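Grab a viewer and something to scribble on. Here are a few exercises to work through, each with a solution you can check yourself against.

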Amino acid sequence: MKRITWGIFILAFFLIRPYFMQANGMWYAGDDQDYFSHAFSLISGSFPSYANEFDYGSRNPLGSIGPGLMAAPFVFVFSFIDRIEGSDIFKHRNSENVQRSWSQFGFVFAASFYFWVACLLLYKGLRNYFSSKDASLSIILMVLIQGIPLFVYRRSIFTHAFEFFLQSLFVYLLLINHKKNQFSIEGAWKQIGIGLALGFLFLVRYNDFAAVLIWPFALYCRDRRNLRDPQFWGKIFIMYSTAILLILFFKTWPDILTNHKGYVGVWDQMTTAQPIKFYLKRFIHIFLGPDWGLIYSAPFILIALLSIFFLNFPIKRRLLLCLAPMLFNFYGVLMWRTQGCWYGYRYLIAAITPVLVFPLAHFLYLSQEKFGKKIFVFFVVAAVFPLFSMLCFEGNNTNLTMQVILQYFGREGWGNNTYQLEIWKTLFFQPCGFLMAIFKGGFLYFIYLISILFGLSARLPSMVIKAYPYFDISVLIKVSLLYAAPFIFYGVSKKLRLLSEDS
């Protein structure tokens with residue numbers, strides 16, 4: 001896990017933009033307001049009312065409550081600093097007092113926490129089958145370089161870091177169950193715990209409802225005989241009942257109180273039949289499109305998919321069962337006609353990645369057995385494409401960012417129709433611009449801090465002075481906490497493991 005922790009730190013150093021935190025606390029207009037409002041309504045005790053949250057009045061935020069629910073403990077802890085500073089955020093939330101607040105940072109920190117724990121769970125699950133090296137490499141290639149860290153360190157107040165954690169939790173339980181051959185769960189509290197996780201998964205992302213239905217059977221159905229066992233169905237009933245009660249309380253009840261309409265037009269978008277030619281073109285585009293084609297932005301997902309279908313391993317049937325709900329997510333990407341107004345095919349990537357970590361690890365193991373160390377040349381070359389894609393994202397205000405444009409298949413929205421091509425054009429024809437796009441995060445901030453320390457800030461380029469018009473100690477503390485977080489989590493987990501071994 002040490003290799004993965006260092007990998008997370010390095011990516012955090014490159015991906016976090018301290019000037020973005022100084023300007024608005026890493027706040028994106030739109031969805032962030034919904035998710036943060038959920039969290040603060042919970043910690044302030046006003047839920048299910050959102051009267052004090054921005055301009056919602058008597059209506060509910062459109063975004064799902066799950067991320068806010070999971071981030072609420074962290075928002076609560078960091079909100080004490082806002083209270084000490086005398087912020088008026090506790091009276092009414094608005095763009096001015098939320099952006100750059102410590103409460104908002106609590107949400108950012110929560111994403112970092114859940115991400116590291118998710119990687120730990122996947123690592124622990126894989127270590128039951130593979131060496132530490134293969135387990136670490138599988139997570140690095142599948143998770144760390146294929147876009148998910150962007151949703152942790154750039155778009156923290158969102159859904160996907162939390163979705164990734166929950167899916168990783170279920171994959172961990174699956175791997176542990178299979179290794180110990182314990183496809184049964186005893187004790188009502190354990191069944192309630194699984195039910196809570198299922199409810200959270202739905203509340204985080206509604207499009208994961210198919211996964212919610214499948215996971216109990218993937219985890220605890222040993223064979224067909226279970227389906228004829230009343231006791232088995234009793235345990236399944238407890239899980240689903242717990243999930244339903246959670247959903248009724250945090251989703252259905254508030255919606256009834258406000259006559260919430262939900263995502264208008266989504267059902268029509270998903271169910272409107274299209275010509276066969278459309279499905280074929282869209283399918284090919286998702287894999288090969290010059291904007292967010294999976295072959296460039298997430299090639300190890302494709303390698304893992306080929307592995308799960310064409311290689312044999314003991315847990316294959318259960319992973320195929322877990323993979324089945326991802327067809328619904330893929331269908332959503334297919335019909336939505338865009339990548340979802342931010343990086344990559346986000347409706348699919350965070351949910352499917354944990355399920356495919358094991359097949360990729362198995363592929364890595366077999367490849368090394370057959371080809372030796374020279375196979376790593378292939379892995380490195382394949383890794384360059386998604387790594388550059390992730391590091392360059394939002395690297396400038398022109399060709400490496402998104403604009404509201406007419407995208408492929410007639411949809412207008414935030415996108416970049418030639419993003420993958422723009423990366424390589426920038427690298428070969430504007431190498432300085434390429435380096436700036438990659439190093440404008442922690443590296444640029446480090447230079448800025450050194451210049452402040454030695455009184456050389458007046459000699460900094462104008463673009464740096466514009467990004468950091470003044471020194472903000474709170475930004476330094478927040479950024480330092482995010483950089484240190486992976487090592488803090490690693491140290492705490494190691495200490496807990498030693499304590500458990502001693503006991």
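The exercises below walk through this predicted model, one region at a time.

**Exercise 1. Work out where Gln-167 sits, whether it is buried or exposed, and what it touches.**

Step 1: start with the secondary structure. Gln-167 belongs to helix α9, which runs over residues 160–180.

Step 2: check accessibility. Buried means under 20% relative accessible area. Gln-167 comes in at 0%, so it counts as buried.

Step 3: list the contacts, skipping residues up to four places away in sequence. Gln-167 touches Leu-201, Ala-211, Trp-215, Met-326, Ala-351, Pro-354 and Val-355.

**Exercise 2. Compare the span of α9 with the expected one, then decide how enclosed α9 is.**

Step 1: take the ends. From first C-alpha to last, the 21 residues of α9 reach 30 Å. At 1.5 Å a residue you'd expect 30 Å, so the span is close to expectation.

Step 2: count burial. Of the 21 residues in α9, 16 are buried, so the helix is largely enclosed by the rest of the structure.

Step 3: look just past the end. Asn-181 follows α9 and takes a positive phi of about 55°.

**Exercise 3. Find which residues touch the most other members of the largest nonpolar core, and which helix gives the largest share.**

Step 1: pick out the hubs. The core has 166 residues, and those touching the most other members are Phe-36, Val-143, Phe-162, Trp-215 and Phe-300.

Step 2: see who contributes. α6 supplies the largest share of this core, with 18 residues.

Step 3: zoom in on one hub. Beyond its neighbours within four places in sequence, Phe-36 has contacts that include Trp-27, Phe-54, Val-75, Ile-89 and Phe-107. The list isn't purely hydrophobic on paper: Arg-93, Ser-103 and Gln-104 are in contact with Phe-36 too.

**Exercise 4. Place Phe-105 and describe its surroundings.**

Step 1: locate it. Phe-105 is in helix α6, residues 102–126.

Step 2: check accessibility. With a relative accessible area of 2%, Phe-105 is buried.

Step 3: look at what is around it. Setting aside neighbours within four places, Phe-105 is in contact with Met-21, Phe-78, Lys-478, Leu-481 and Leu-482.

Step 4: try a C-alpha distance. Gly-25 is 80 residues away from Phe-105 in sequence, yet the two C-alphas are 7.1 Å apart.

**Exercise 5. Track down the backbone oddities at Met-26, Cys-341 and Pro-48.**

Step 1: take Met-26. Its phi is near 65°, a positive value in a residue other than glycine. Met-26 lies in the loop between α2 and α3, and at 1% relative accessible area it is buried.

Step 2: take Cys-341. Here phi is near 70°, again positive in a non-glycine residue. Cys-341 is in the loop between α18 and α19, and its 35% relative accessibility makes it partly exposed.

Step 3: take Pro-48. The peptide bond from Phe-47 to Pro-48 is cis, with omega near 10°. Pro-48 is in the loop between α3 and α4.

**Exercise 6. Describe the second largest pocket by volume and lining.**

Step 1: volume first. The second largest pocket holds about 390 Å³ of space.

Step 2: lining. There are 13 lining residues, with Cys-221, Arg-222, Asp-223, Arg-317 and Arg-318 nearest the centre. Helix α17 gives the largest share, three residues.

Step 3: sort by class. You get seven nonpolar, one polar and five charged residues in that lining.

Methods:
Residues numbered from 1 in each chain as written. Predicted model: local features only at pLDDT ≥ 70, side-chain atom pairs only at ≥ 80, totals over all residues. Heavy atoms only, no water. Helix = DSSP H or I, 4+ residues; strand = E, 2+ residues; numbered from the N terminus. Buried < 20%, exposed > 50% of the residue type's maximum accessible area, 1.4 Å probe, protein only. Contact = heavy atoms within 4.5 Å. 1 Å grid on protein atoms, 1.4 Å probe; cavity = no way out; pocket = protein on both sides within 12 Å on 5 of 7 lines; lining within 4 Å. Points joined across faces, edges and corners; volume = space filled by probe spheres on them. Nonpolar A, V, L, I, M, F, W, Y, C, P; charged D, E, K, R; others polar. Core = buried A, V, L, I, M, F, W, Y, C linked by side-chain atoms within 4.5 Å.
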